[in-house]
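Dear colleague,

Please find below the sequence and the three-dimensional structure that I am handing over to you. I would be grateful if you would keep the structure open while reading the notes beneath it.

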Amino acid sequence: MKSVFSLFFLLCLFVTLNSQTLSSPSGQVSMNFKLLSNGVPSYEVSYKNKAVIKTSTLGLELMGNVGKNEFSTEVKKDNGEKEKNSLLSNFEIVNTVKSSFDETWQPVWGETKDIRNHYNEMALTLRQTTTDRTIILRFRAFDEGVGFRYEFPLQKNLTYFTIKEEHTQFAMAGDHTAFWIPGDYDSQEYDFTTSKLSEIRGQMSKAFTPNASQTSFSPTGVQTSLMMKTADGLYLNLHEAALINYACMHLNLDDKNMVFETWLTPDANGTKGHMQTPCQSPWRTIMVSDDARDILASKMTLNLNDPCKIKDPSWIKPVKYIGVWWEMITGKSEWSYTYDAPSIKLGVTDYTKLKPHGKHGANTEKVKKYIDFASKNGFDAVLVEGWNIGWEDWFGNAKDHVFDFVTPYPDFNVDEIQAYAKSKNVKMVMHHESSSSVRNYERYLDTAYTFMKEHGYNAVKSGYVGDILPIGEYHYSQWTNNHYQYAIEKAAEYKIMVNAHEAVRPTGICRTWPNLIGNESARGTEYQAFGGSKPNHVTILPFTRLLGGPMDYTPGIFEMDISKLNPNNKSWVNSTIANQLALYVTMYSPLQMAADLPENYERFPDAFQFIKDVAIDWDETKYLEAEPGQFITIARKAKGKGNWFVGNVAGNDGHTSQLTFDFLDAGKTYIATVYSDTPETNYKTNPQAYSIQKGVVDSKTKLTLKSVPAGGYAISVIEADKDAVKGMKRLGKK
């Protein structure tokens with residue numbers, strides 16, 4: 001009996017030593033770590049005692065030190081046996097450190113003035129007994145989810161190493177409904193597909209639509225941020241945070257067992273990362289809640305990034321802008337200057353001897369008109385694309401020396417435009433399309449940024465259209481991700497803000513480098529002129545792409561029939577005007593564009609007033625209603641003011657809101673202007689029908705507002721005194 005008890009005690013001790021638990025501050029999220037047989041690391045996550053992630057294994061497969069040509073996937077042990085050169089098994093726990101952290105920090109710009117960073121942490125030091133290598137698995141449990149990463153301390157037996165693949169699993173607890181886009185090494189510019197996990201394989205072929213650069217890898221591969229909903233009403237999101245010096249993570253689904261596994265973007269030689277200790281992976285994040293609004297409100301991704309590294313970020317300012325852009329996107333005008341030069345050589349081709357085709361958008365006269373419009377309507381800046389030479393043969397030619405980023409076309413007078421913009425108190429936003437020639441862009445970065453500062457530009461929109469050069473690299477590999485980071489940090493040296501298009505999707509790096517004020521990195525408004533996006537697209541993006549950082553979505557389109565701008569373009573914008581207005585609230589960004597042509601805003605000056613009024617930096621945000629793919633309603637309080645702005649966007653089925661204004665300060669009076677769809681509004685046949693109501697509201701006001709499919713509403717709520725509201729009608733009911 002005594003020996004049986006001793007055996008039981010030893011078994012319990014073994015389980016305890018090889019199993020550790022961690023809970024969030026509220027206790028509603030918990031995770032359990034344990035070593036499986038043969039020392040395989042694993043974890044589980046639950047929410048309010050419901051399984052979220054079932055037993056899932058952790059580890060990496062290595063390829064040795066490429067610098068020493070050690071491509072063998074095997075190493076010999078002292079006893080002559082062979083063992084996989086991996087960090088997958090044969091681990092023991094040698095140390096466990098638990099701690100708690102609670103701070104409140106202030107972002108340079110953001111959805112709220114203060115962000116709380118509150119978590120419990122567990123750092124597990126694991127030793128691989130067969131190689132005497134050490135890794136640390138660091139877990140952080142927040143009330144809205146769990147983040148974890150691999151850390152590789154400096155050590156004798158692990159210095160330089162190459163990753164063959166990361167094998168982090170996320171074992172689903174069911175066949176969830178997912179909102180997904182295809183896994184792709186080069187593009188995120190897809191409409192979302194809504195399906196069961198088991199249906200991804202069958203839906204993949206039609207989900208994978210054409211793009212200028214794309215590389216798929218699996219019929220069940222998807223991208224993060226991946227949003228899901230379980231049958232019992234849990235909202236689940238998988239993503240990553242702090243993607244630094246590492247390859248972008250995709251997820252590959254074993255659709256028989258419902259297990260996702262990480263699939264890193266490879267470099268040109270097929271390897272997936274070259275590391276030097278000490279180093280770490282990005283955080284792998286799991287968000288979970290039984291309320292969809294908690295996913296939208298989560299700041300977990302930002303909190304898993306380092307604090308701001310810019311000592312004095314006071315030069316970083318939110319920007320509301322217009323631009324010479326939509327007319328090129330629709331085909332009304334062009335980026336290029338001439339049809340007479342099928343082959344351009346920088347420094348050789350003489351544009352003064354070439355005949356202009358007359359459709360060049362970026363000309364001095366036109367840009368001045370945009371500056372006038374910006375000045376008249378209170379916009380901060382004007383973006384101009386196609387101003388610099390080289391656009392005649394810029395795309396699809398594997399051309400290295402494609403742009404120099406400093407030489408304008410003959411009809412674009414940089415100095416004259418600079419002086420004119422300054423006289424109108426308008427900034428200019430530079431455009432740097434690299435044509436994905438990364439080496440060429442880095443060759444010119446200092447020159448280009450110096451040119452910008454000399455000519456009064458403090459913000460740049462960069463682009464990476466087409467296949468990456470050098471040939472064989474991908475948009476989301478470790479090598480290319482390091483370039484994006486280099487460009488951001490180099491821009492900070494020059495006090496330049498960056499809006500990167502076609503770059504890797506954001507993972508919260510804007511906390512550390514807030515001069516990254518925007519990214520595209522998803523299917524933006526431009527696709528409404530490329531055949532249209534699904535009506536529910538903007539009801540999914542805040543649950544997916546925007547969790548990593550703001551998007552330069554470029555909203556504000558008032559003319560939905562693109563053939564009216566270009567008879568050869570039969571595209572249709574699948575949206576109503578009220579929906580377009582709401583996007584300025586629901587699609588958060590400190591960089592907001594009024595993307596349509598000035599003449600279209602002049603046709604609807606009363607609706608355009610909301611775009612002029614709406615703030616772009618916020619003290620407070622309230623997530624009022626949310627259901628991915630169906631509807632989102634958000635209220636935001638303007639930075640340093642008592643004014644609020646509300647936006648609702650609806651998907652395929654429309655939505656009716658029972659809106660209560662209890663987010664307003666009690667005892668105060670406000671004037672609300674409500675821009676909404678009408679009963680006659682239809683995004684296909686009557687998208688420009690909208691209603692405007694104006695009246696008095698307070699914290700007790702209740703309004704019923706109906707959004708049609710692909711519609712919405714937008715509300716400005718301006719604090720007012722009693723004299724200002726005298727004689728005005730009261731909206732809604734109490």
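The notes that follow cover helix packing, one helix in detail, several single residues and some points of backbone geometry.

Please bear in mind throughout that this is a predicted model.

Helices α10 and α12

I begin with helix α10, residues 577-586, and helix α12, residues 605-613, whose axes come within 10 Å and cross at roughly 10°. Since angles under 35 degrees count as roughly parallel, α10 and α12 are therefore roughly parallel to each other. On the α10 side, the contact is made by Ile577, Leu581, Tyr584 and Val585, and on the α12 side by Ala607, Phe610 and Ile611. Sorted by class, this contact of α10 with α12 has 7 nonpolar residues, with no polar and no charged ones.

Helix α10 is itself mostly covered, with 10 of its 10 residues buried. Among these buried residues are the polar-side-chain positions Asn579, Gln580 and Thr586, as well as Ala578, Ala582 and Leu583.

Phe610, which lies in helix α12, deserves a separate look. Its relative accessibility is 0%, so Phe610 counts as buried. Apart from residues up to four places away in sequence, Phe610 touches Leu581, Tyr584 and Val585, together with Phe645, Val646, Tyr675, Ala714, Ile715 and Ser716. Between the C-alpha atoms of Phe610 and Ala582 the distance is 9.3 Å, and the two are 28 residues apart in sequence.

Helices α8 and α9

A second helix pair is formed by α8 and helix α9, residues 478-493, which pack at an angle of about 5° with their axes 11 Å apart. That angle makes α8 roughly parallel to α9. From α8, the residues Val438, Tyr441, Glu442, Leu445, Asp446 and Tyr449 meet Trp479, His483, Tyr486, Ala487, Lys490 and Ala491 of α9. By class, the contact of α8 with α9 comprises 8 nonpolar residues, 1 polar residue and 3 charged residues.

Helix α7

Which residues of helix α7, residues 414-423, are buried? They are Val414, Ile417 and Ala421. These residues cover an arc of only 65° around the axis, and therefore sit on the same side of α7. Asp415, Lys422 and Ser423 are exposed on the other side of the helix. The cover over the buried residues of α7 includes α6 (364-377), β27 (427-433) and α8 (438-454).

The two ends of α7 may also be of interest. At the N-terminal end, Asn413 caps the helix, with a side-chain oxygen 3.3 Å from the backbone nitrogen of Asp415. After the helix comes Asn425, which has a positive phi near 60°.

Tyr713 and Asn95

Tyr713 lies in strand β39, residues 712-720. With a relative accessibility of 0%, Tyr713 counts as buried. Its side chain is joined to that of Ser657 by a polar contact of 2.9 Å. The C-alpha atoms of Tyr713 and Leu62 are separated by 52 Å, and these two residues are 651 residues apart along the chain.

Asn95 belongs to strand β9, residues 91-105. At 38% relative accessibility, Asn95 counts as partly exposed. Neighbours within four places in sequence aside, Asn95 is in contact with Ala123, Leu124 and Thr125. Asn95 and Ala578 of α10 are 57 Å apart, C-alpha to C-alpha, and 483 residues apart in sequence.

Backbone geometry

Two peptide bonds should be noted. The bond joining Thr224 and Ser225 is cis, with omega about 5°, and Ser225 lies in the loop between β17 (221-223) and β18 (226-229). The bond from Leu469 to Pro470 is also cis, with omega near 10°; Pro470 is placed in the loop between β28 (457-463) and α9.

Positive phi values occur at the following loop residues, neither of them a glycine. Asn49 has a phi of about 70° and is in the loop between β3 (40-47) and β4 (50-57). With a relative accessible area of 80%, Asn49 is exposed. Asp132 has a phi near 55° and is found in the loop between β10 (115-128) and β11 (133-142). Asp132 is partly exposed, its relative accessible area being 44%.

With kind regards

Note on methods:
Residues are numbered from 1 along each chain as its sequence is written. Side-chain values use heavy atoms; hydrogens and water are left out. Axes are lines fitted to C-alpha atoms, for helices over the stretch in contact, and angles run from 0 to 180 degrees between N-to-C directions. Helices (H or I, at least four residues) and strands (E, at least two) are DSSP runs, numbered from the N terminus. Angles under 35 degrees count as roughly parallel, over 145 as roughly antiparallel, 65 to 115 as roughly perpendicular and the rest as oblique. Contact means heavy atoms within 4.5 Å. Ala, Val, Leu, Ile, Met, Phe, Trp, Tyr, Cys and Pro count as nonpolar, Asp, Glu, Lys and Arg as charged, and the others, Gly among them, as polar. Buried means under 20% relative accessible area, exposed over 50%, partly exposed in between (1.4 Å probe, protein chains only). The arc is that of the directions from the helix axis to the C-beta atoms. A polar contact is a pair of N or O atoms within 3.5 Å; within protein, one must be able to donate a hydrogen and the other to accept it, and residues adjacent in sequence count only if both atoms are side-chain atoms.
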